[in-house]
Amino acid sequence: MSGPVRMTDAPAVADRGHAAPPCVEVSDSHEATVGRFPVRRALPRRGRRTVGAWCFADHMGPSAVTEESGLDIGPHPHMGLQTVTWLVDGQVLHRDSLGSEQVIAPGQLNLMTAGNGVSHSEEATGHYRGTVEGIQLWVAQPDTTRWGEPAFEHHADLPRVDVRRGTATVLVGELDSVVSPARRDTPLVGLDLHLYGGVATLGLERDWEYAVVVLRGAARLGAHRVEPGRLAYLGEGRDALDLDAEPGTRAVLLGGEPFDEEIVMWWNFVARTRDELDAAYAAWRAQDARFGRVTSPLARIPAPAPYWTTGR
Ligand code: MN
């Protein structure tokens with residue numbers, strides 16, 4: 001997905017992850033449109049830009065698509081991050097500058113590593129008609145890998161763990177020693193939760209921070225009710241989490257070791273300095289080989305002018 005991170009989401013200034021003690025901070029997502037889809041952007045937000053290395057979370061749809069008209073996000077670049085795409089309904093076609101052409105459906109994971117640069121599109125499949133709903137997440141890459149080669153992984157099946165009053169699918173990382181095959185460059189976890197109703201309990205890492213995004217239904221965390229369009233930040237210092245859910249609740253748990261590198265996010269890029277963003281902006285404008293080429297019927301998305309060059 002194109003993640004037009006705007007100044008209203010989070011100022012493009014260097015910011016370091018700052019974990020908090022155990023808490024429940026509920027924040028409203030920012031509503032936006034990406035491609036043809038309405039999204040509820042849970043991350044980044046002011047005051048809370050990262051949860052572990054997770055730095056972006058868009059709950060997209062549900063929206064109707066046809067065989068020929070889907071998310072319709074044309075080719076656009078990324079750097080310094082991984083995109084993690086997970087659907088709860090429908091199908092989307094991913095194409096990228098590595099030559100990947102992959103339809104994703106519920107239960108499957110697409111993970112694209114941008115490294116120094118990649119570009120991709122998200123399109124109609126040519127055969128699926130119906131509703132599409134899902135979540136797209138970004139993971140900030142650490143200095144040790146962020147200048148590396150781009151890569152793409154598709155996982156057709158992921159491990160599941162039965163928990164009390166629910167099932168957890170391990171998207172990235174591990175739960176109860178059950179490990180996802182997806183690449184991770186820093187210690188983190190992403191779980192998709194099917195909650196049957198009543199109190200579900202999940203084991204956590206005491207020195208990691210966590211957040212919950214509810215996609216369907218609702219869950220109570222202590223005195224706080226969390227529903228679609230909200231993110232609950234949980235801080236660190238917990239060994240376990242109790243989620244008192246309505247029957248049929250779908251939620252995503254994100255967590256990780258607090259990411260201690262100062263990141264700068266602008267448009268579809270995660271960097272450390274404004275100079276890095278300027279270089280990426282110039283390379284995309286110049287159609288430089290850095291971001292490769294995507295073979296797609298959709299138009300390439302131009303970069304907006306960086307706000308720091310327009311006198312803002
Ligand atoms: Mn994208």
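The expected span of a helix is 1.5 Å times one less than its number of residues. In this predicted model, helix H1 can be checked against that rule. H1 has 12 residues, so a span of 16 Å is expected, and the C-alpha atoms at its ends are 16 Å apart, in agreement.

**Helix H1**

Several residues of H1 are buried, namely Glu276, Leu277, Ala280, Tyr281, Ala283 and Trp284. They lie on the same side of H1, because the arc that they cover around the axis is only 165°. Asp275 and Arg285, on the other side of H1, are exposed. The segment after H1 contains Gln287, a residue taken up again under backbone geometry.

**Salt bridges**

The whole structure holds 19 salt bridges. Three of them are listed here with the closest N to O distance.

| Basic residue | Acidic residue | N to O distance |
|---|---|---|
| Arg95 | Glu123 | 3.0 Å |
| Arg225 | Glu246 | 2.9 Å |
| Arg272 | Glu261 | 2.8 Å |

The salt bridge between Arg95 and Glu123 joins two strands: Arg95 is in strand S7 (residues 92–96) and Glu123 in strand S10 (residues 118–123), so parts that are 28 residues apart in sequence are tied together. Both Arg95 and Glu123 are buried.

In the salt bridge of Arg225 with Glu246, the partners come from distant parts of the chain, 21 residues apart. Arg225 sits in strand S21 (residues 224–226), whereas Glu246 sits in the loop between strand S23 (240–245) and strand S24 (249–256). Arg225 is partly exposed, because its relative accessibility is 38%. Glu246 is also partly exposed, with a relative accessible area of 33%.

For the salt bridge between Arg272 and Glu261, both partners are in loops: Arg272 between strand S26 (269–271) and helix H1 (274–285), and Glu261 between S24 and strand S25 (264–266). These two residues are 11 residues apart. Are Arg272 and Glu261 buried or exposed? Arg272 has a relative accessibility of 14% and therefore counts as buried. Glu261 is buried too, at a relative accessible area of 18%; the cut-off for buried is under 20%. Arg272 and Glu261 also belong to a network of salt bridges that includes Asp143, Arg146 and Glu276. Glu276 is one of the buried residues of H1.

**Cavities and the largest pocket**

Three cavities of 30 Å³ or more are found. The largest cavity encloses about 50 Å³ of space. Its lining consists of Met60, Leu71, Thr85, Leu87, Val92, His94, Ile104, Asn110 and Glu122. By class, five of these lining residues are nonpolar, three are polar and one is charged. Strand S6 (81–89) and S7 each give at least two residues to this lining. S7 is also the strand that holds Arg95.

The largest pocket has a volume of about 200 Å³. It is lined by 15 residues, of which Glu174, Leu175, Gly203, Glu205 and Trp208 are the closest to its centre. Which elements give two or more residues to the lining of the largest pocket? They are strand S15 (174–175) and strand S17 (188–195). S17 supplies three residues, the most of any element. The lining of the largest pocket divides into eight nonpolar, three polar and four charged residues.

**Backbone geometry**

Most residues other than glycine have a negative phi, and most peptide bonds are trans. The residues below depart from one or the other pattern.

Leu43 and Pro44 are joined by a cis peptide bond, with omega about -5°. Pro44 is located in the loop between strand S3 (37–43) and strand S4 (54–65). Another cis peptide bond joins Gly61 to Pro62, with omega about 0°. Pro62 is in strand S4.

Trp267 is not a glycine, yet its phi is positive, near 50°. Trp267 lies in the loop between S25 and S26 and is buried, since its relative accessible area is 5%. Gln287 likewise has a positive phi, of about 55°. Gln287 counts as partly exposed because its relative accessibility is 40%.

**Arg165**

Arg165 is in the loop between strand S13 (160–163) and strand S14 (166–172). With a relative accessibility of 40%, Arg165 is partly exposed. Arg165 and Arg41 are 124 residues apart along the chain, and their C-alpha atoms are separated by 28 Å.

Key. Residues numbered from 1 in each chain as written. Predicted model: local features only at pLDDT ≥ 70, side-chain atom pairs only at ≥ 80, totals over all residues. Heavy atoms only, no water. Salt bridge = Lys/Arg side-chain N within 4 Å of Asp/Glu carboxyl O. Helix = DSSP H or I, 4+ residues; strand = E, 2+ residues; numbered from the N terminus. Buried < 20%, exposed > 50% of the residue type's maximum accessible area, 1.4 Å probe, protein only. 1 Å grid on protein atoms, 1.4 Å probe; cavity = no way out; pocket = protein on both sides within 12 Å on 5 of 7 lines; lining within 4 Å. Points joined across faces, edges and corners; volume = space filled by probe spheres on them. Nonpolar A, V, L, I, M, F, W, Y, C, P; charged D, E, K, R; others polar. Arc of directions from axis to C-beta.
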